[in-house]
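Work through these exercises with the model open in a viewer. Each task is followed by a solution in steps.

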Amino acid sequence: GDHQETVPVEGVAGGGTAYGWSDTGVNDPRPLRGAIDPMKVSSLELLNVWCMPNSANVGPQDMPRELEPISLLAARNERESIQIAIRPKVSWGGSGIAGTVQVQCTDLCSPCGARLVVGQSLTLRRVVPVLGVPDALVPLDMPVCQLNLFPGETTVIWISVDVPSEQTPGHYEGEIIISATKSEAESTSQSLTKVEKHQLYRELRDCLDVVEPLKGRPSEEVVERVKSATSSLRRVLLSPSFADFFSDYGPIDMMEEDAVSSLSIRLKISLTVWDFVLPVTPSVPAVIGISDTVIEDRFGVEHGTNEWFELLDQHFKWLLQYRISPYFCRWGNGMRVLTYTSPWPADHPKSDEYFSDPRLAAYAVPNGPIVPCGDTAKDYLRREVEILRTKNHWKKAYFYLWDEPLNIEQYNGIRSMASEIHAYAPDARILTTYYCGPSDAPLASNNFEAFLKVPEFLRPHTQIYCTSEWVIGNREDLAKDIIAEIQTENGEEWWTYVCLGPGDPHPNWHLGMRGTQHRAVMWRVWKEGGTGFLYWGANCYEKATVPSAEIKFRRGLPPGDGVLFYPGQVFSSSQQPVASLRLERLLSGLQDIEYLKLYASRFGRDESLNLLEKTGMYQGPERYTSEHTPIDIMRGEVYRTCRS
């Protein structure tokens, strides 16, 4: 009975006033007409608002969807995120914008009185396109911010909830309040002139001068001064500047604000916090490189100065929130690389602070001085190792000496440096990244067999064999062949990495890939059985000499390769780095591993792999979900079966 027919209009074949169709559906009984005052019209008539999962890439041309309530699930010590998209239906602003919206958050509260506080646990960031692709997450003011909307464009807000480890489990609710409002230009045009401001300032200053010197004055004089100040303040409040706040019957109360609030779009957020606490130390180390030379060039700091140490310290601390283990690096000849997690010597208190941090799963030890100190490389290495081996955190240490050796000379270089390190510390772990054996001394009759023989060739000079996912391609069975060559009983490990390869449709962190494709990088690690992961660079953009310079990706690399965050100065006056969507999805993938590990601890690893497959979340590097629903199903199943 509610069915509405659409019938063709004769003589109109598309492109006409009705695009060839006459809609006989129900029309808005009160269509907008004339000039629009956002303070008098419901924001629902001016805006389309809808929600999207954190794995969706929502760009400026994305079209509206139905608005649905937000319902999230998060463990303690977990970050969960959601996106809110806003698109103007009409324009009510000026100066080239469709209009301005105000976005306000409330705390998330539970019935028992526990809360997740806005600005601490609840944060808002604006999704900013990079090369036309949504990627940069620029922080917004909390708890209230204003955004300019543009005609025909969708604006996206990324909302994150960080649940502390000690948070009380339970059900939490809050609101996001979105209100169309007048633009700052309109508000400014209605503000006081400079003369009026000066007059107001002088009168208020006079009031202060009257009442400030009251101490020790006779009571009669105090009374007279207070009367004078009261009279002056009343005169100010009754001036035309404040006429809007008075009616014939006295000052206006909060009813006007309530009226504006009633016009707003109120979006409810529901969050279930469950009793599982994600381990502080990530179960799978994800070591990510940060180029110190890029920092030196862009921020204009000299290597080894106080400003240099401060910048590296800022980057290290900021990146720890993403459950990754940062290392700083600089490349030498032939892909030789100097890597270090702490820029200070091992006996410096800051190094012990870094290495003892439980959020850090692994740290890189340099095999020579980072800052010139007068020691030879051998003396420096020996002293560092002697100090670090006495520490409980030594088990986190590794040496990363060479990136992707290609020939026998480079492989022998690794063997030589590793021998020197092992002379001082036989239990030191050497990490080597590679995707092939030495090209000029084949280890087998074909390339893959030669690749499989690398552990045998490098043993005992490498303990962490870190291979490119590109080599495996879509042949997951090859991962078993690689693992078969690793002597785990002797402390050897198999880690993996991605860089410019593998390409689409395989999981990677290139700009423009699907959100689930970014997140699936860590799903692949879990399924294949790797015990660690390496990514070569998080800030490796083209050289620039000012912090606010436009970000340019390196030529010859896929856009986004080697870049997971941006300098904050590119987008605002903030000194803090700006995360990418891809960095957030890296974090989500690492959190997914903790869910799968918990499930495996209860039901076995094979069952955790079955869960990945039966939910349709991940079956292989070319067979994984493009939708978010399977992710929610997997997480929901772990919650249902593993909660206390």
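**Exercise 1. Determine the handedness with which α15 passes α17, then describe the contact.**

Solution. This is a predicted model, so read the geometry as computed.
Step 1: α15 passes α17 in a left-handed crossing.
Step 2: Take the geometry. Helix α17 spans residues 605–614, and its axis lies 10 Å from that of α15. The packing angle is about 140°.
Step 3: List the residues. From α15 come W523, W526, K527 and E528; from α17 come R605, S608, L609, L612 and E613.
Step 4: Sort them by class. The contact of α15 with α17 has four nonpolar, one polar and four charged residues.

**Exercise 2. Repeat the analysis for α15 and α16.**

Solution. Step 1: Locate the helices. α15 covers residues 515–528 and α16 covers residues 581–603.
Step 2: Their axes come within 8 Å and cross at roughly 40°. The crossing of α15 past α16 is right-handed.
Step 3: Find the contact. α15 contributes G515, H518, R519, M522, W523 and W526. Among the α16 residues are R582, L586, L590, I593 and A600.
Step 4: Sort by class. The contact of α15 with α16 holds eight nonpolar, four polar and five charged residues.

**Exercise 3. Trace the open sheet of nine strands and find its edges.**

Solution. Step 1: Write the order: β19-β18-β17-β25-β24-β23-β22-β21-β20. The pairing is mixed.
Step 2: Look for strands that pair on one side only. These are β19 (337–340) and β20 (363–364), the edge strands.
Step 3: Add a helix. Helix α7 (residues 306–320) packs on the sheet and touches β17, β18 and β19. The direction of α7 makes about 140° with that of β18.
Step 4: Check one pair inside the sheet. β21 (residues 397–403) and β22 (residues 430–434) run parallel, with three bridges. F399 stands opposite I430 in β22.

**Exercise 4. Which residues of α6 are buried, and what do they pack against?**

Solution. Step 1: α6 runs over residues 292–299; D292, V294, I295, E296 and R298 are buried.
Step 2: These buried residues pack against β17, α7, β18 and β19.
Step 3: Inspect the backbone just after α6. G300 has a positive phi of about 65° there.

**Exercise 5. Assign the two faces of β11 and identify a bridge partner.**

Solution. Step 1: β11 covers residues 144–149, and its side chains alternate. C145, L147 and L149 point to one face and are buried. V144, Q146 and N148 point to the other and are not buried.
Step 2: Pair the strand. β6 (residues 99–105) runs antiparallel to β11, joined by six bridges.
Step 3: T100 has N148 of β11 as its bridge partner.

**Exercise 6. Is Q167 buried or exposed?**

Solution. Step 1: Place Q167 in the loop between β12 (155–163) and β13 (170–181).
Step 2: Apply the cut-off, under 20% relative accessible area. Q167 has 9% relative accessibility, so Q167 counts as buried.
Step 3: Leave aside neighbours within four places in sequence. Q167 is then in contact with R76, A114, R115, L116 and Y172.

**Exercise 7. Why does C109 form no bond with C112?**

Solution. Step 1: Find the closest cysteine sulfur to that of C109; it is in C112, 10.0 Å away.
Step 2: That is too far, so there is no bond.
Step 3: Widen the search. The whole structure holds zero disulfides.
Step 4: Add accessibility. C109 is partly exposed at 27% relative accessible area, whereas C642 is buried at 3%.

How values were computed: Residues are numbered from 1 along each chain as its sequence is written. This is a predicted model: local features need pLDDT of at least 70, side-chain atom pairs count only at pLDDT 80 or more; totals for chains, interfaces and linings use all residues. Side-chain values use heavy atoms; hydrogens and water are left out. Two strands pair if DSSP finds at least two bridges between them. Helices (H or I, at least four residues) and strands (E, at least two) are DSSP runs, numbered from the N terminus. Contact means heavy atoms within 4.5 Å. Axes are lines fitted to C-alpha atoms, for helices over the stretch in contact, and angles run from 0 to 180 degrees between N-to-C directions. A crossing is left-handed if the near helix is turned anticlockwise from the far one by less than a right angle, and right-handed if clockwise. Ala, Val, Leu, Ile, Met, Phe, Trp, Tyr, Cys and Pro count as nonpolar, Asp, Glu, Lys and Arg as charged, and the others, Gly among them, as polar. A disulfide is a pair of cysteine sulfur atoms within 2.5 Å. Buried means under 20% relative accessible area, exposed over 50%, partly exposed in between (1.4 Å probe, protein chains only).
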